[in-house]
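Trainee: I'm new to this one and would rather get to know a single part well than skim the whole thing. Could you pick one stretch and walk me through it, neighbours included?

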Amino acid sequence: MAMAIKSAALKRMNIEEFLTWDSGDDRRYELVNGWPVAQSAPSRNHGRMDVNVGAGLKTRLKASGRPCVVESGSVLRIDRRWTVRAPDLLVRCGPDRRTAETAILAVEILSPSNSASEMARKRDDYASVGIQQVLELDQDEARALLWRADPWPGRCHRARQYRCYPSHG
């Protein structure tokens, strides 16, 4: 579960302060409305999914000839001052791969602690900066949700839900 850290020793910070901030631990953080929010430590399944999905996306993009890159561990400025998100994977496209800057897909690998409201806020944040699609992958179930940005800015709707079932054969 994401948890905002609000202690007397920590003040609200802007994006520039956050990007140079040393938390003093090994946790991953996002900045939400000026407050650092600790992310759950990734499980082994989460790490495997990150690597495999990233490799699969890279292979498909290269085969399609699209000038896009897959990034892991990138931060994304949501607004000019107070919010930074860190999707598990981010696909950026541009005139060529070296100048790929436009984020078009964010991939979130869900942990058991992710709440529905937390994910809804993230989807809306991604849509607000022009990300067209958000892919949510459940690390404990064979389930994927694809969200697409609505025609009006800043909102997402569920485009497809996929479930995989073991074959018996």
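Mentor: Let's start with a pairing: strand β7, residues 89-93, runs antiparallel to β8, and the two share 5 bridges. Keep in mind that this is a predicted model. If you want a spot to click on, try valine 91, which stands opposite leucine 105 in β8.

Now stay with β8 and look at its other partner. Strand β9, residues 133-138, pairs with β8 in the parallel sense, over 6 bridges. Here isoleucine 109 of β8 is the residue to find, as it stands opposite leucine 137 in β9. So how enclosed is β8, which covers residues 102-110? Of its 9 residues, 8 are buried, so the rest of the structure largely encloses the strand. The cut-off for calling a residue buried is a relative accessible area under 20%.

How does the chain get from β8 to β9? There's a helix in the path: β8, helix α3 (residues 116-128) and β9 together make a right-handed β-α-β unit. You can check the helix with a bit of arithmetic. At 1.5 Å a residue, the 13 residues of α3 should span 18 Å, and the C-alpha atoms at its ends are indeed 18 Å apart, so the two agree.

Some of α3 is tucked away too. Its buried residues are Glu118, Met119, Lys122, Arg123, Asp124, Asp125, Tyr126 and Ala127. Take a closer look at arginine 123: it lies over the face of tryptophan 147, at 3.6 Å from the ring centre. There's another arrangement of that kind to look up, with arginine 12 over the face of tryptophan 82, at 3.8 Å from the ring centre.

Back on the helix, go to serine 128, which belongs to α3. Serine 128 is partly exposed, with a relative accessible area of 42%. Its C-alpha atom is separated by 8.7 Å from that of aspartate 79, although the two residues are 49 apart along the chain. After α3 comes glycine 130, and its phi is positive, near 90°.

One last stop, away from the helix: the aromatic rings. There are 2 aromatic pairs in the count. In one of them, tryptophan 21 and tyrosine 29 meet edge-to-face, 5.0 Å centre to centre with 75° between the planes. Tryptophan 21 counts as partly exposed at 26% relative accessibility, whereas tyrosine 29 is buried at 9%. Together with Phe18, these residues, Trp21 and Tyr29, form one aromatic cluster.

Definitions and conventions: Residues numbered from 1 in each chain as written. Predicted model: local features only at pLDDT ≥ 70, side-chain atom pairs only at ≥ 80, totals over all residues. Heavy atoms only, no water. Buried < 20%, exposed > 50% of the residue type's maximum accessible area, 1.4 Å probe, protein only. Helix = DSSP H or I, 4+ residues; strand = E, 2+ residues; numbered from the N terminus. Pairing = 2+ DSSP bridges. Right-handed = clockwise from strand over helix to strand, strands pointing away. Expected span 1.5 Å × (residues − 1). Phe/Tyr/Trp six-rings, centres within 6.5 Å; stacked < 30°, edge-to-face > 60°. Lys NZ or Arg CZ within 6 Å of the ring centre and 35° of its normal.
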